[in-house]
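Student: I've just opened this one and I'm new to it. Could you walk me through it while I ask questions?

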Amino acid sequence: MEQGRDKSELLKDLKIDREAAQEKAPPSRGKAPFVLVAIVVAALIAWLGFFRGQGERTVAVQMEPPRTTTVPAVGAHSVLDASGYVVARRTATVSSQVIGVVTEVLFEEGDQVEKGQILAKLDAKTASAQLQASQRQATAAEHAVRQLEVQLAQAVRESARAQELASVGLVARQDAEQASSRVDEVRAQVRTQGGNVDVYKAQAQVAQVNLDLSVIRAPFGGVITSKAAQVGEIISPSAASGYTRTGIATIVDMESLEVEVEVGEASIGRVRPDMRVQVNLNAYPDFQIPGKVIAIIPAADRGRATIKVRVGLDIEDPRIVPDMGARVSFVDEAGQSVADLGTQQVETGG
């Protein structure tokens with residue numbers, strides 16, 4: 001029994017007094033980390049809010065369009081957009097006015113040529129032979145004219161003597177008349193032969209023209225965009241067969257490039273002559289080209305319900321080539337630019 005009591009008392013001594021432990025324990029530090037985290041989060045939110053405002057103002061400044069000649073001026077906006085193509089108002093397929101075989105080709109695609117520059121030569125043997133024959137015939141006719149002029153002078157002298165002798169009765173009146181008729185005959189021969197000289201000279205001029213036409217020259221300055229014939233091929237003004245070429249080269253005047261667009265009938269009222277435009281090439285979307293409306297073609301396409309508008313370009317650039325796709329924005333200088341509107345939206349957080 002005593003041993004039992006001793007064990008129970010020992011167990012009571014070993015029991016932990018939690019209330020006394022709580023009273024002796026120092027204050028809890030569990031709340032301190034949460035307070036520090038809250039302070040850091042609040043500072044971070046304030047810092048992010050400050051730099052967000054700075055970022056918005058920075059973006060607004062960066063989106064402001066540069067004031068250059070390649071973008072619409074401030075106070076302008078697009079009232080209408082249309083698609084079209086770059087065209088050359090001055091282009092030609094160079095050919096020959098006579099049939100001939102190509103003997104020389106003196107150009108390649110992409111070459112810059114000047115007005116009158118020789119592009120190709122044709123076989124000119126026939127034209128050269130005709131020219132020489134006509135020149136020789138003209139020379140022979142001139143010699144005959146000079147011979148007849150000598151005979152005419154002799155006939156005039158003989159007629160004068162016959163008339164003088166007939167007046168004193170030494171020569172019959174009939175002989176004097178025959179001498180006078182001889183003068184008229186020789187004079188007519190001189191006129192006829194002189195006409196032959198003119199004919200032969202005209203033939204020589206025709207042969208010279210044909211000879212000149214065997215040399216094909218550039219009608220104006222520009223760039224060669226295609227080479228259609230080679231040495232040995234036959235060139236003709238019109239295709240007589242499948243083996244005949246009608247052209248030898250295509251030349252384009254790059255200074256005459258413009259854009260041609262089709263505008264719907266319902267929107268054509270917004271377009272007017274000399275209206276400013278901005279052109280963007282499909283191949284170079286960031287390349288902005290200023291221009292203006294040259295003309296509104298006074299004819300409508302019944303099937304497509306469109307009207308063509310010619311747009312001139314203010315600048316020349318090697319990137320602009322014929323048949324390129326382009327987008328034209330017709331600008332209203334009385335309104336506000338699209339770029340300015342976009343800047344305002346960014347500044348206001350829109």
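Student: Let's start with the open sheet: in what order do its four strands come?

Tutor: Keep in mind that this is a predicted model. The pairing in this open sheet is antiparallel. Reading across the four strands, the order is β2-β10-β7-β4.

Student: Which strands are the edge strands there?

Tutor: Look for strands that pair on one side only. That description fits residues 91–94 and residues 112–113. The edge strands are therefore β2 and β4.

Student: How many bridges join β7 to β10?

Tutor: Strand β7 covers residues 222–227, and β10 covers residues 249–252. The two run antiparallel. The number of bridges joining them is four.

Student: And which residue in β10 is the bridge partner of I224?

Tutor: We're still on the pairing of β7 with β10, which run antiparallel. Across from I224, the bridge partner in β10 is I251.

Student: Is K227 buried or exposed?

Tutor: K227 belongs to strand β7. Its relative accessibility is 18%, and the cut-off for buried is under 20%. So K227 counts as buried.

Student: Which side chain does the side chain of K227 join in a polar contact?

Tutor: Leaving out residues up to four places away in sequence, K227 touches V105, F107, E108, E109 and I248. One of these contacts has a polar link between side chains, at 3.0 Å. The partner of K227 in that polar contact is E108.

Student: Moving on to F330, how far apart in space are F330 and V279, C-alpha to C-alpha?

Tutor: F330 sits in strand β15, residues 325–332. With 0% relative accessibility, F330 counts as buried. In sequence, F330 and V279 are 51 residues apart. In space, their C-alpha atoms are separated by 8.9 Å.

Student: What about salt bridges: which side chain meets R89 in one at 3.7 Å?

Tutor: The count of salt bridges comes to 13, and R89 takes part in one at 3.7 Å, N to O. R89 lies in the loop between β1 and β2, and its partner is in strand β11, so the pair ties together parts that are 169 residues apart in sequence. The partner of R89 is E258.

Student: Of R89 and E258, which counts as buried and which as partly exposed?

Tutor: R89 has a relative accessibility of 49%, so R89 is partly exposed. For E258 the value is 4%. That makes R89 the partly exposed one, and the buried one is E258.

Student: How many residues apart in sequence are the parts that R276 and D314 tie together?

Tutor: The side chains of R276 and D314 meet in a salt bridge at 2.4 Å, N to O. R276 lies in strand β12, and D314 in the loop between β14 and β15, so the parts they tie together are separated in sequence by 38 residues.

Student: At what distance do the side chains of D317 and R319 meet in a salt bridge?

Tutor: D317 is partly exposed, with 22% relative accessibility. R319 is partly exposed as well, at 35%. Their salt bridge, N to O, spans 2.9 Å.

Student: Last one: which residues do salt bridges that share partners join into one network?

Tutor: We've already met a pair from this network, R89 and E258, whose side chains form a salt bridge. Through shared partners, the network joins R89, E258 and R310.

Conventions
Residues numbered from 1 in each chain as written. Predicted model: local features only at pLDDT ≥ 70, side-chain atom pairs only at ≥ 80, totals over all residues. Heavy atoms only, no water. Buried < 20%, exposed > 50% of the residue type's maximum accessible area, 1.4 Å probe, protein only. Polar contact = N/O pair within 3.5 Å; in protein donor to acceptor, adjacent residues only side chain to side chain. Contact = heavy atoms within 4.5 Å. Salt bridge = Lys/Arg side-chain N within 4 Å of Asp/Glu carboxyl O.
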